Every structure is written in structure tokens, then in C-alpha cells.
Amino acid sequence: MRLPFVVSVLGLSLVVAGCATHPVTGRSQLMIMPEGQANQMAYQAYTQMAREKSTLPASDPASQRVQRITQRIVPQAVRVYPQASDWRWESRVFRDDSINAFAMAGGKVGINTGMLNKLRPTDDELAQVIAHEVAHALSGHTREKMSMAMTQQMGLSVASALGGLDSQTAAMAQQVATVAIDLPFSRRMELEADEVGLLLAARAGYDPRAAVSLWRKMQANGGGGGPEWLSTHPDSGSRIQALERAIPRVMPEYRRATGR
Ligand SMILES: [Zn+2]
């Protein structure tokens, strides 16, 4: 009879030990999944995905464009989250007609050809997409989803988890984490990625106002159901209004970066 109590106390202490504070917004986050392990899983998933889906060659102008913009945004990500300087940053264009983009833990960015060909984004608009994805990555949103999924499984092997991730726990974590990668981000994570992405792009010299024109294009291309982007990046319903409110706050950063 005492076991559930012990388990919940152990679980609670694990949760407390696994708390982090968001480097920009200050929100407290549940982070049981260690960063190194999450990155390792993301690297494997990214490599596998690139093998299955096929990507444009690095010499393709579209790849070079995505790479050029990513390379301007990454130093801004490192500025707010210094650990990201150790990540193996990489951006590729995936041959996929759906209007979508993603970033995994550890700095792996993917932009679909559909995003480029159907939306025809300007550099400023494409920078908003990439900065939004980079913001998800540096915010540890995937790791947070994995951690939330893990707490639901935690009763199973709390004791071994407390002693570090042994092979059995690691196997469970791997399973849970794989499921978590496919879960959509929460509304709160979306708004946070918008806010942080806007800041990163502005500091990299990309016009924050492009975030609004980008979202209008996204909506115009979505028809009734919305583009695929919305299946992994749910709209808060008031996203454009939130962006419009946030833009004046980052305009000084943009002006400083561009000297305009
Ligand atoms: Zn998002």
C-alpha cells in the first residue's frame, strides 16, 4: 500500500530535478530527458528521414538559400542559448510537396520544397520560418514533449530512472521519445516559438513585419483545412494579432542589425 506514495514522491523529486527555465521567456519547463540523449535521437531520426525522403543536393540554389539564412540565424540562437554552439547545426531542403518545415533537437532544420515552391517566400519571410523552427529547437520543445510523455510512463521504472538512465529505462525513453517527436507542439510552445523566432530573425537583420505577410500567405494557401504546417504547428487562432503586437518590440533590434 505504501508503494504508490513512494513512487509519487520519487517521481516528484525527478520532476523537480528535471525542471529548466526558458532562456528567453523565463517560463519553467519540465526537462527530464537529458539534452545529449534527445540530440542523439534527433540526429538518428534526421539521418533516417533524409535517407527515406531524399533531399536537394547542397549545391542546389534552394539549398544554398536556406543554408545562407540559417547561418545568419544560428549565431543569434547561440547568443541566447550558448549550449547550442556545440550542436551539429544542419539545414536541408526535403523533396516534399507539403507546405511544411521542422527543426529537431540539436539544430537539425528541414524545409520542404512545397514551402518554397507554393508560398514563394521572400528572404525575410523564409527567415521567419527558419527562425521559428530554430526557436523550437533552442527552446527544447521536443525535449519537453518527450519529458511530458516520460512522466506518464514513469511509474514503471522510477527507481531506475533516478539512478540514471540504465539500458531498460533508456529503451523506454527511446520509445516514448519517438512517439513525442510526432506530437504537435502545444499552443503555448507555438506562441513562444513565434516570439523567440521574431527576435532571432530581427537580430539577424530580417524584417519582423515579414512574419505577418508569411502567415497571410500560409492562410491563403491553406484553403479550408490549412496547410500541412498547421498539423505540426497548430494555430492559436490569434497568432497574427500576437505577432502584430510583438513586432514593435523587436523593430529596434532589426534597425540596429541593419542600420536602417
Ligand atoms: Zn511551430
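**Exercise 1. Work out how the zinc donors are spaced in sequence and where they sit.**

Start with the pattern: the donor residues of the zinc ion follow H-x3-H-x53-E along the chain. Since Glu 190 is in helix H9 (residues 187–203) and His 136 is in helix H5 (residues 123–138), this pair ties together parts that are 54 residues apart in sequence. Helices (H or I, at least four residues) and strands (E, at least two) are DSSP runs, numbered from the N terminus.

Before going on, note that this is a predicted model, where local features need pLDDT of at least 70, side-chain atom pairs count only at pLDDT 80 or more, and totals for chains, interfaces and linings use all residues. Residues are numbered from 1 along each chain as its sequence is written, and side-chain values use heavy atoms, with hydrogens and water left out.

Next, name the atoms: His 132 (NE2), His 136 (NE2), Glu 190 (OE) and Glu 190 (OE) lie 2.0 to 2.5 Å from the zinc ion. Donors are N, O and S atoms within 2.8 Å of the metal (3.2 Å for Na, K and Ca); water is not among the atoms, so sites may look incomplete.

Finally, check burial (under 20% relative accessible area is buried, over 50% exposed, in between partly exposed; 1.4 Å probe, protein chains only). His 136 comes out at 1%, so you call it buried. Glu 190 also has 1% and is buried.

**Exercise 2. Describe the surroundings of Trp 87.**

First, find Trp 87: look in the loop between helix H3 (61–80) and strand E3 (90–94). With a relative accessible area of 8%, Trp 87 is buried.

Then list its contacts (heavy atoms within 4.5 Å). Leaving out residues up to four places away in sequence, Trp 87 touches several residues, including Glu 35, Tyr 43, Gly 106 and Leu 138.

**Exercise 3. Trace the salt bridges around Arg 27.**

A salt bridge is a side-chain nitrogen of Lys or Arg within 4 Å of a carboxyl oxygen of Asp or Glu. The whole structure has 15 of them.

Take Glu 144 with Arg 27: their closest N and O atoms are 2.8 Å apart. Glu 144 belongs to helix H6 (residues 141–153), while Arg 27 is in the loop between strand E1 (19–21) and strand E2 (28–30), 117 residues apart.

Now the second partner: Arg 27 also bridges to Glu 192, again with closest N and O atoms 2.8 Å apart. Glu 192 lies in helix H9, so this pair ties together parts 165 residues apart in sequence. Both Arg 27 and Glu 192 are buried.
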